[in-house]
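This report describes a single protein chain for a reader who is beginning the study of protein structure. The sequence and the model are shown first, and the description follows.

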Amino acid sequence: MRERFSVEVLVNDGEQALTAAIFTPLSADGISFEVDGRAELEVEKYELRS
C-alpha cells in the first residue's frame with residue numbers, strides 16, 4: 001500500500017474543512033460516498049504529481 005489519494009472535504013462553502021491522506025491498495029480504481037439522509041455533493045478530481 002502507498003498513498004494514492006489526498007482528500008479534502010469542504011462543508012458549507014468552506015465553513016468547515018477536513019483533509020486526509022488515504023492509503024489504498026494499488027488496484028483501487030474508484031471512490032464511493034455513503035450518507036444517512038440527504039446530501040448534495042460536488043466532486044472535483046485533481047491529479048497529484050509524485
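In this predicted model, L41 has a relative accessible area of 56%. L41 therefore counts as exposed, because the cut-off for an exposed residue is over 50%. The residue lies in the segment after β2. The C-alpha atom of L41 is separated by 9.9 Å from that of V11, although the two positions lie 30 residues apart in the count along the chain.

L41 also belongs to a group of nonpolar residues. Together with I31, F33 and V43, L41 forms a nonpolar patch on the surface. The accessible area of these four residues together is about 450 Å². I31, one of the members, is likewise placed in the segment after β2, the strand that covers residues 16–24. With a relative accessible area of 60%, I31 is exposed.

**The overall fold**

How many helices and strands does the secondary structure of the protein contain? There are zero helices and two strands. The strand β1 covers residues 2–11, and a loop lies between β1 and β2. Of the 50 residues of the protein, 2% count as buried. The protein exposes about 5,300 Å², of which carbon and sulfur atoms supply 48%. Contacts between residues at least 6 apart in sequence can also be examined: 11% of them join residues at least 24 apart.

**Charged residues**

A second patch on the surface is negative, and its members are D13, E15, E42 and E44. E42 is located in the segment after β2, whereas D13 lies in the loop between β1 and β2. Are these two residues buried or exposed? Both are exposed: the relative accessible area is 70% for E42 and 86% for D13.

Side chains of opposite charge can pair when their charged atoms come close. The structure holds one salt bridge. This salt bridge is formed by R38 and E40, whose closest N and O atoms are 2.9 Å apart. R38 and E40 are both exposed.

E47 is a further residue with a negative charge, and E47 is found in the segment after β2. The relative accessible area of E47 is 65%, so E47 counts as exposed. The C-alpha atoms of E47 and S6 are 9.8 Å apart in space, while the two residues are 41 residues apart along the chain.

**The loop between the strands**

Which residues of the loop have a positive phi without being glycine? N12 is one of them, with a phi near 50°. D13, also a member of the negative patch, has a phi of about 55°. N12 is found in the loop between β1 and β2, as is D13. N12 is exposed because its relative accessibility of 54% is over the cut-off of 50%.

**Exposure of selected residues**

The table collects values for several residues discussed above.

| Residue | Place | Relative accessible area |
|---|---|---|
| N12 | loop between β1 and β2 | 54% |
| D13 | loop between β1 and β2 | 86% |
| I31 | segment after β2 | 60% |
| L41 | segment after β2 | 56% |
| E42 | segment after β2 | 70% |
| E47 | segment after β2 | 65% |

How values were computed: Residues numbered from 1 in each chain as written. Predicted model: local features only at pLDDT ≥ 70, side-chain atom pairs only at ≥ 80, totals over all residues. Heavy atoms only, no water. Helix = DSSP H or I, 4+ residues; strand = E, 2+ residues; numbered from the N terminus. Buried < 20%, exposed > 50% of the residue type's maximum accessible area, 1.4 Å probe, protein only. Contact = heavy atoms within 4.5 Å. Areas by Shrake-Rupley, 256 points an atom, 1.4 Å probe, with all protein chains shown as cover. Patch = residues over 30% accessible without salt bridge, like charges linked within 9 Å, V, L, I, M, F, W, Y side chains within 5 Å. Salt bridge = Lys/Arg side-chain N within 4 Å of Asp/Glu carboxyl O. Charge placed at Lys NZ, Arg CZ, Asp CG, Glu CD.
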